[in-house]
Amino acid sequence: MPHALPRADVMGRLAADNPWWADEIARPFAADLPQRDHFAPFFELAADCALHRAVVLMGPRRVGKTVLLHQMVDNLLKQGAERRQILFATLDAPAYTGMGLADFVELAAEMAGLDPARPGWVIFDEIQYMADWEHGLDALAARWPALRCTACGSAAPALRRMGDAEAAGRFAVYMLPPLSFAEFLRLSGGQRRDMKQLFTPERMDELNELLVRYMNFGGYPEAVVSERVRADMTRFLRSEIIDRVLCSDLPGLYGISDVQELNRLLAVLALNSGREVTLEDLRGESGIAVNTLKRYLDYLEAAFLVVRLRRIDDAGRRFRRDRSFKVYLANPSMRTALFAPITGPDDPALQPLLETAVVGQLLCSPALSSNTCYARWDGGEVALVGLHPVHGKPVLAFDIRWSDEGIATGARGRTGGNGSGSTPLRPLFEFARRHNVRKAYVTTRTTFTVGVQGKTEFSYLPAGMLAFTLSSQAAERIFAKLVTADVG
């Protein structure tokens with residue numbers, strides 16, 4: 001095994017990464033940190049040695065991927081897994097420079113007695129530091145099928161080849177999104193807070209303040225649990241996330257030479273988060289050529305900094321060419337780093353950012369995120385539309401606003417608003433009626449009410465309640481019920 005450093009140094013580093021080999025009570029350093037809601041489904045996938053494909057954990061920077069891997073090791077140990085059948089390596093360590101992935105298994109076999117012919121777990125963090133890691137991971141899983149191989153890296157390197165159908169077929173991919181609003185509430189004291197009591201008219205001011213806090217710093221676990229990070233949120237987001245992606249990940253992967261140009265585009269996109277734009281619009285605001293814009297948008301989306309939604313018309317038809325689209329920050333907290341925090345529920349910046357926060361909740365559900373678009377036609381727009389995954393017809397519709405104006409006139413029971421006159425909700429009513437949409441949501445600031453019009457149930461509810469619903473298992477249940485119903 002050719003290597004630049006003395007063998008003893010490499011073995012010492014590997015022993016430090018795997019203290020449980022020599023110490024029966026040793027645990028990974030992050031084992032006691034709060035678990036994300038994604039831990040259970042990720043562990044079920046990554047711990048199953050009967051599945052002979054490597055698992056690739058992907059997601060934005062600083063959302064807890066490394067912590068998830070350490071908690072996986074801790075849970076394996078608690079379940080009685082053989083300590084010497086678990087190999088963990090953080091590949092950004094200089095001691096590992098020049099090693100191949102198979103070298104780690106062979107070295108662990110020599111040091112700890114790991115038997116690659118028996119069930120075991122090989123876990124690589126920061127795998128982007130390994131050259132040609134995709135082929136190496138695939139070869140490792142094929143060479144020792146009894147080992148369950150898991151790898152994790154920053155979003156852009158991990159996604160470089162994930163769009164390739166062949167690579168996607170070889171690996172089982174698990175996406176870890178930023179913190180959802182439901183997770184934020186739990187990690188910031190929700191276990192001590194009665195959620196049902198929080199979602200009452202008397203507690204709307206508290207719920208709205210929590211929603212503002214979430215939009216300012218709630219997407220990142222460190223910011224939720226650490227007062228020190230929250231006190232310097234701009235520096236944390238800028239240095240640990242945005243600058244590392246813009247100045248390191250993307251230039252290194254794609255050969256981008258003008259980092260300032262890319263930075264300028266991100267600022268323009270942040271100012272337009274939640275709005276419909278065209279490439280010509282962005283060219284005019286950023287001064288970047290259209291062909292370059294197309295590439296930059298792909299890069300920023302691959303790195304989980306922005307999200308684009310496609311458009312349909314009032315007949316539910318997709319466009320052959322996406323001349324216009326909606327763009328969102330993938331996490332509303334990034335606005336804090338790029339501009340300034342929202343100061344409170346009355347801040348004028350809250351309204352345009354609210355839709356960004358709602359879209360962020362949809363990203364927590366693969367079924368919802370992959371089937372979400374927006375509708376716009378001459379004279380009308382529906383902010384978000386959920387499509388049936390098979391026949392593509394609309395089954396969900398959303399109007400996202402930060403106001404109670406006009407909502408109270410939509411009486412409970414039969415009407416739910418009739419869409420007459422010039423009400424701003426008229427496009428939503430017309431779209432729901434035309435497509436027999438089963439469920440529609442209108443966010444408010446404080447108002448609760450429910451109505452029925454035709455075949456559509458309209459729920460008017462505070463934005464914080466919708467964010468919580470979409471980011472909890474309730475959203476999966478609602479969507480599953482709708483897509484199995486006869487929608488014509």
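The largest cavity is lined by P60, R61, P178, Y220, I241, V245, A303, F304, L305, A330, N331 and M334. In this predicted model, that cavity has a volume of about 60 Å³. Its lining divides into 10 nonpolar residues, 1 polar residue and 1 charged residue. The structure holds 3 cavities of 30 Å³ or more. Such spaces are found by a simple principle: rolling a probe the size of a water molecule over the atoms shows where empty space is left.

The protein as a whole gives the setting for these details. The secondary structure comes to 22 helices and 15 strands. Of the 488 residues in the protein, 57% are buried. The accessible surface amounts to about 20900 Å², and carbon and sulfur atoms account for 50% of this area. Among contacts between residues at least 6 apart in sequence, 73% join residues at least 24 apart.

From the enclosed cavities the description passes to an open site. The second largest pocket has a volume of about 660 Å³. Its lining consists of 28 residues, and R62, G64, K65, T66 and V67 lie nearest its centre. By class, the lining of this pocket has 11 nonpolar, 7 polar and 10 charged residues. Helix 3 (65–78), strand 2 (86–90) and helix 11 (221–225) each contribute at least two residues to the lining. The greatest contribution is that of helix 3, with 6 residues.

Strand 2 leads from the pocket to another element. It pairs with strand 3 in the parallel sense over 5 bridges. Within this pairing, W121 in strand 3 is the bridge partner of I86. Strand 3, residues 120–125, is largely enclosed by the rest of the structure, because 6 of its 6 residues are buried. The side of the strand makes no difference to burial here: G120, V122 and F124 point one way, W121, I123 and D125 point the other way, and all are buried.

A further part of the structure is built around an open sheet. This sheet has 7 strands in the order 8-10-11-12-13-15-14, and the pairing is mixed. Strand 8 and strand 14 (449–453) stand at the edges with a single partner strand each, so one side of each is left without a neighbour in the sheet.

At one edge, strand 8 (residues 311–312) pairs with strand 10 in the parallel sense over 2 bridges. The bridge partner of I312 in strand 10 is A375. Strand 10, residues 372–377, has 5 of its 6 residues buried and is therefore largely enclosed by the rest of the structure. Strand 10 also pairs with strand 11, in the antiparallel sense and over 5 bridges. In that pairing, R376 has E381 of strand 11 as its bridge partner. The hairpin of strand 10 and strand 11 has 2 residues between the strands, and G379 takes a positive phi near 95° in it.

Strand 11 can be examined through one of its residues. A383 is placed in strand 11 (residues 380–387). Its relative accessibility is 8%, and because buried means under 20%, A383 counts as buried. Leaving aside neighbours within four places in sequence, A383 is in contact with K326, Y328, E355, C373, Y374, F398, D399 and I400. One of these contacts, D399, lies 16 residues from A383 along the chain, and the C-alpha atoms of the two are separated by 5.4 Å.

The final element considered is helix 21, residues 463–470. This helix is mostly covered, with 7 of its 8 residues buried. The buried residues are A463, G464, M465, L466, A467, T469 and L470. A general property of helices helps in reading such a list: an α-helix has 3.6 residues a turn, so residues three or four places apart point the same way.

Terms used. Residues numbered from 1 in each chain as written. Predicted model: local features only at pLDDT ≥ 70, side-chain atom pairs only at ≥ 80, totals over all residues. Heavy atoms only, no water. Buried < 20%, exposed > 50% of the residue type's maximum accessible area, 1.4 Å probe, protein only. Helix = DSSP H or I, 4+ residues; strand = E, 2+ residues; numbered from the N terminus. 1 Å grid on protein atoms, 1.4 Å probe; cavity = no way out; pocket = protein on both sides within 12 Å on 5 of 7 lines; lining within 4 Å. Points joined across faces, edges and corners; volume = space filled by probe spheres on them. Nonpolar A, V, L, I, M, F, W, Y, C, P; charged D, E, K, R; others polar. Contact = heavy atoms within 4.5 Å. Areas by Shrake-Rupley, 256 points an atom, 1.4 Å probe, with all protein chains shown as cover. Pairing = 2+ DSSP bridges.
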